[in-house]
Amino acid sequence: MKYQSQKVALYYFTGALVLFVAQVLFGLLAGAVYVAPNMLADVLPFNVIRMVHTNALIVWLLMGFMGAAYYLVPEEAETELHSTKLAIIQFWAFFLGAAAIVVSYLLGNHGGREFLEQPLWGKIAIVIVALIFLFNLTMTVLKGRKTAVSLVLLVGLWGVAVFFLFAFYNPVNLVLDKMFWWWVVHLWVEGVWELIMASILAFLMIKLTGVDREVVEKWLYLIVSLTLFTGILGTGHHYYWIGTPGYWQWIGSIFSTLEVVPFFAMVVFTFYMVYKGGRDHPNKAALLWALGCAVMAFFGAGVWGFLHTLSGVNYYTHGTQITAAHGHLAFYGAYVMVNIAIMTYALPNLLGRSPYNQMLNMWGFWITTSAVSFMTFVLTFAGTVQTHLQRVLGEGFMDVQDQLGLFYMMRLGSGAVVVLGAIIIVVSLLLPGKEKQA
């Protein structure tokens with residue numbers, strides 16, 4: 001660790017890991033409800049369980065991104081953060097605000113729009129936190145060295161804030177509502193979040209492989225260009241069946257198919273950098289997470305996204321368990337793994353230790369990745385059966401659900417293994433190990 005203000009990242013990484021465990025536990029609970037539908041129905045309805053599960057995911061990933069930014073920007077800018085105190089105030093405002101929003105969900109107070117269920121006061125609080133964060137980070141970059149990594153990261157983070165403003169626009173017309181709803185949901189995860197992911201991976205490649213910065217930056221610009229070119233018009237694959245004009249079926253099909261390209265470019269980028277660099281970095285676990293992130297993001301967001309992105313296929317598959325399969329693997333591969341990669345690299349430096357608990361960390365990687373992959377396959381098969389029975393043969397929704405029970409039990413089992421893997425990862429990151437490093 002080169003700069004004292006980087007220690008602020010500890011708050012964010014620790015808070016993110018706490019929410020990570022909460023998120024997977026609520027996911028396990030949701031999976032249990034699929035198997036035993038009446039469980040907790042009067043105490044904690046399924047819609048609230050799912051709400052907490054998805055919102056906790058979004059919050060802890062954002063918290064991880066903020067920690068990553070507060071760690072890497074001082075190194076990239078070669079200067080201390082503009083204000084450490086402001087960063088700490090921002091953390092507690094974000095963490096306690098997120099807790100208050102969850103309590104409001106449990107009490108039945110929410111906005112009702114999927115992923116944007118936060119009450120109005122919650123949305124306002126999120127904007128205030130984002131403005132504090134962006135002010136602090138932008139001032140740091142402006143006073144220091146400007147690099148492609150920090151600038152692309154800053155563009156991505158500003159994009160997160162700007163597109164979230166559409167969460168406040170809730171028109172009465174349902175078609176308009178869904179159109180602009182996707183301006184937050186899609187343009188986050190298939191647009192500006194990809195910029196954040198690419199910049200963090202680029203930083204890790206510079207640190208872990210020893211490849212010249214100029215080479216990494218050229219790849220970063222290529223990936224950013226591909227992401228924005230495909231991701232913006234790729235929003236159209238959500239417009240197929242909501243009442244928008246028919247040309248969106250062509251635009252959505254073509255550009256969302258091309259969304260596979262930047263994810264494939266990330267795979268080539270990371271493996272080429274490792275091959276070209278040849279540096280034997282002591283933090284093998286961080287390198288494993290970085291390479292794993294590129295591969296799993298390609299399969300989850302790229303391949304599984306492509307499986308049902310063409311309008312003719314999506315006509316039958318939308319809203320089935322195939323969507324859930326894609327969502328789980330894409331979020332895990334792209335954003336969960338990049339967050340854990342930067343934490344695995346940064347936390348030993350922040351805590352003043354050599355890379356530690358690496359074997360335990362790697363076990364966490366393989367256990368969690370295998371379980372999420374198994375869950376994805378199970379949900380894919382479940383979705384295929386559901387599509388045929390429900391959308392092709394015309395059987396009733398609940399009749400079809402009764403026939404998917406075996407898949408849901410397997411999904412619950414894989415969810416339990418994900419929880420185990422998550423706990424192993426958190427323990428390996430936060431607790432000192434007995435390993436002796438040279």
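Contact here means heavy atoms within 4.5 Å, and on that count Q23 touches H53, A56, L57 and W60, leaving out residues up to four places away in sequence. Keep in mind that this is a predicted model. Below is a quick tour of two helix pairs, the nonpolar cores, a pair of buried glutamines and two loop residues with positive phi.

**Helix α1 against helix α15**

- Helix α1 (residues 9–35) packs on helix α15 (residues 405–430) at an angle of about 165°, and their axes are 9 Å apart.
- Angles over 145 degrees count as roughly antiparallel, so that is the label for α1 and α15.
- The two cross in a left-handed sense.
- On the α1 side, the contact is made by T14, L17, F20, V21, V24, L25, L28, G31, A32, Y34 and V35.
- The α15 side brings Y408, M409, R411, L412, G415, A416, V418, V419, A422, V426, L429 and L430.
- Sorted by class, the residues of this contact come out as 19 nonpolar, three polar and one charged.

**Helix α7 against helix α8**

- Helix α7 (residues 213–233) and helix α8 (residues 247–258) have axes that come within 7 Å and cross at roughly 150°.
- That makes α7 and α8 roughly antiparallel to each other as well.
- The crossing of α7 past α8 is left-handed.
- From α7 the contact takes F229, T230 and L233, and from α8 it takes W248, I251, G252, F255 and L258.
- Here the split is six nonpolar, two polar and no charged residues.

**Nonpolar cores**

- The largest nonpolar core runs to 122 residues, and the ones with the most contacts inside it are F20, W60, W188, W193, M197, I200 and F269.
- Helix α6 (residues 174–209) supplies the largest share of this core, 22 residues.
- One of the well-connected members, W193, touches I58, L61, L62, F65, V160, W188, F331 and Y335, again setting aside residues up to four places away in sequence.
- There is also a second, separate core of nine residues, with L44, M51, V52 and I101 among them.
- F20 turns up twice in this briefing: in the α1 contact with α15 and among the residues with the most contacts in the largest core.

**Two buried glutamines**

- Q23 sits in helix α1, and with a relative accessibility of 8% it counts as buried.
- W60, one of the residues Q23 touches, is also listed among those with the most contacts in the largest core.
- Q321 belongs to helix α12 (residues 321–350) and counts as buried too, at 8% relative accessibility.
- Setting aside neighbours within four places in sequence, Q321 is in contact with Y34, L379, A382, G383, Q386, Y408 and R411.
- Among those partners, Y34 of α1 and both Y408 and R411 of α15 also take part in the contact between these two helices.

**Positive phi in two loops**

- Most residues other than glycine have a negative phi.
- L40 goes the other way, with a positive phi near 60°.
- You'll find L40 in the loop between α1 and α2 (46–77), where it counts as partly exposed at 34% relative accessibility.
- F115 is not a glycine either, yet its phi is positive at about 70°.
- F115 lies in the loop between α3 (84–106) and α4 (120–143), and its 23% relative accessibility puts it in the partly exposed class.

Terms used: Residues are numbered from 1 along each chain as its sequence is written. This is a predicted model: local features need pLDDT of at least 70, side-chain atom pairs count only at pLDDT 80 or more; totals for chains, interfaces and linings use all residues. Side-chain values use heavy atoms; hydrogens and water are left out. Axes are lines fitted to C-alpha atoms, for helices over the stretch in contact, and angles run from 0 to 180 degrees between N-to-C directions. Helices (H or I, at least four residues) and strands (E, at least two) are DSSP runs, numbered from the N terminus. Angles under 35 degrees count as roughly parallel, over 145 as roughly antiparallel, 65 to 115 as roughly perpendicular and the rest as oblique. A crossing is left-handed if the near helix is turned anticlockwise from the far one by less than a right angle, and right-handed if clockwise. Ala, Val, Leu, Ile, Met, Phe, Trp, Tyr, Cys and Pro count as nonpolar, Asp, Glu, Lys and Arg as charged, and the others, Gly among them, as polar. A nonpolar core is a set of buried Ala, Val, Leu, Ile, Met, Phe, Trp, Tyr and Cys residues joined through side-chain atoms within 4.5 Å. Buried means under 20% relative accessible area, exposed over 50%, partly exposed in between (1.4 Å probe, protein chains only).
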